[in-house]
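Visitor: I'd like to walk through this one with you. Can you pull it up?

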Amino acid sequence: MTNITPFKIDVPDAAIKKLKAKLELSDLPDEVDFSNDWDYGAPRDDILRLTKYWRDGYDWRAHEGRLNADLPQFKTTIDVDGFGSLNVHFVHKKSPRPGSIPLLFCHGWPGHFAEVAKILPLLTDANDGPSFHVVAPSLPNFGFSGGVRKKGFSIPQYAEALHKVMLSLGYNKYEWRNQPPRQFANRANAVTQGGDWGCIITRLIGVQYPSSCLASHVNFVHAQNPPGLSKSPVLYLQHKLTPYTDVEAAFLERTKWFQTEGFGYFVEQSTRPSTIGIALADPVALLAWVYEKLHDWTDNYPWTDDEILTWVSIYQFSTAGAAASVRIYYESKHAELARVERGFGYVPNVPLGLSYFPKDLILRPRTWGRALGPVVFESVQADGGHFAAHERPEALVADLKGMFEGGAKHVAQRFV
């Protein structure tokens, strides 16, 4: 490895003091009859309780220490074409088992690198089935990675940055061969796993670096269009002639809800990121903005106040600031659209695994997902939502192991 340095989170005392001072001065809107109605957004009483606890009881240092103890972290400097040098923070844990498969885990918004925490031991210390060496970066503009000061840093650049992080670790040649994982892992191969923006970024890695991505697994199956007659005639006929299952009907209802009731944040962040970015400089606004998503995008997950505040604190104390994280929406909509859109379409030559969690945000009929690439694994979970690695770590890991169990010969099409 070159240009790799160990890293420990160590938020300055001054930053913690400043946060508490802002929380002390915070105020909330006057209470009305519907102040605590989730249909109107984050409940006032919840935000009041969390704000007081963040100020007076929550111990960031304890959680910072736990993150440092549980997650081996590093930093490296990479060059992104047209943007110069960027400092990238990442988790990297190698499995003790010979022949383990390198896996790039990519988060989205409002996620972060620590989403990998629950699945990390399950992937690296597996006693049976395939095991993995795991790399989980903070995307540039997120967490403890550096910020980008020049406009136009979009999905192709995020893909380039993560690809170069893998290269810096020696995971530089990955080819799909009809061999079991232990054989191809010896040639420094790697696979990817992503949800939210991580899905689009990792799929674009397969587009931009087709010889450098062995396979991809996604738990956010972002299929924008149904299969077309010219490109996928069999899937096209299946889509046209096969009635939706009860599961798929529920998928469509969830998607309809998201598009009509949960899409406002997307419009704001993809059109006026600087405006919402200024608001997010206030910790209570940041708390409300993210907390709403943690509630609405999960499947009755029993969030503790400490979990919520640790999640939000990673944004509060991030190197580039919370405002930087929302720019990915604007840039994906305005910069290099032709290149960005390739990550939403069919990606050839990269075997693809799909995991559907019923409380995710965009859920299409499964024929749509099967048109995204050469699908070799598919599962539909009984529960779980958008943050699968945190909500349902065992289910996500079981799918990853199922996809790679026994190598390419075993990873035949399985539609559950």
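Guide: Sure, one term before the sheet: two strands pair if DSSP finds at least two bridges between them, and strands are DSSP runs (E, at least two residues) numbered from the N terminus. This is a predicted model, where local features need pLDDT of at least 70, side-chain atom pairs count only at pLDDT 80 or more, and totals for chains, interfaces and linings use all residues. Residues are numbered from 1 along each chain as its sequence is written, and side-chain values use heavy atoms, with hydrogens and water left out.

Visitor: What is the strand order in the open sheet of 9 strands?

Guide: The pairing is mixed. Strand 1 (4–7) and strand 9 (375–380) are the edges, each pairing on one side only. Reading across, the order is 1-2-3-5-4-6-7-8-9.

Visitor: Which residue in strand 7 does Gly-194 stand opposite?

Guide: Strand 6 (residues 191–194) and strand 7 (residues 216–218) run parallel, joined over 3 bridges. Opposite Gly-194 in strand 7 stands Val-218.

Visitor: How many disulfides does a search of the whole structure find?

Guide: A disulfide here is a pair of cysteine sulfur atoms within 2.5 Å. The sulfur of Cys-106 has its closest cysteine sulfur in Cys-199, 9.6 Å away, so that's too far for a bond. For Cys-213 the closest is in Cys-106, at 12 Å, again too far. The search total is 0.

Visitor: Is Cys-213 buried or exposed?

Guide: Buried means under 20% relative accessible area, exposed over 50%, and partly exposed in between (1.4 Å probe, protein chains only). Cys-213 comes in at 3%, so it counts as buried.

Terms used. Helix = DSSP H or I, 4+ residues; strand = E, 2+ residues; numbered from the N terminus.
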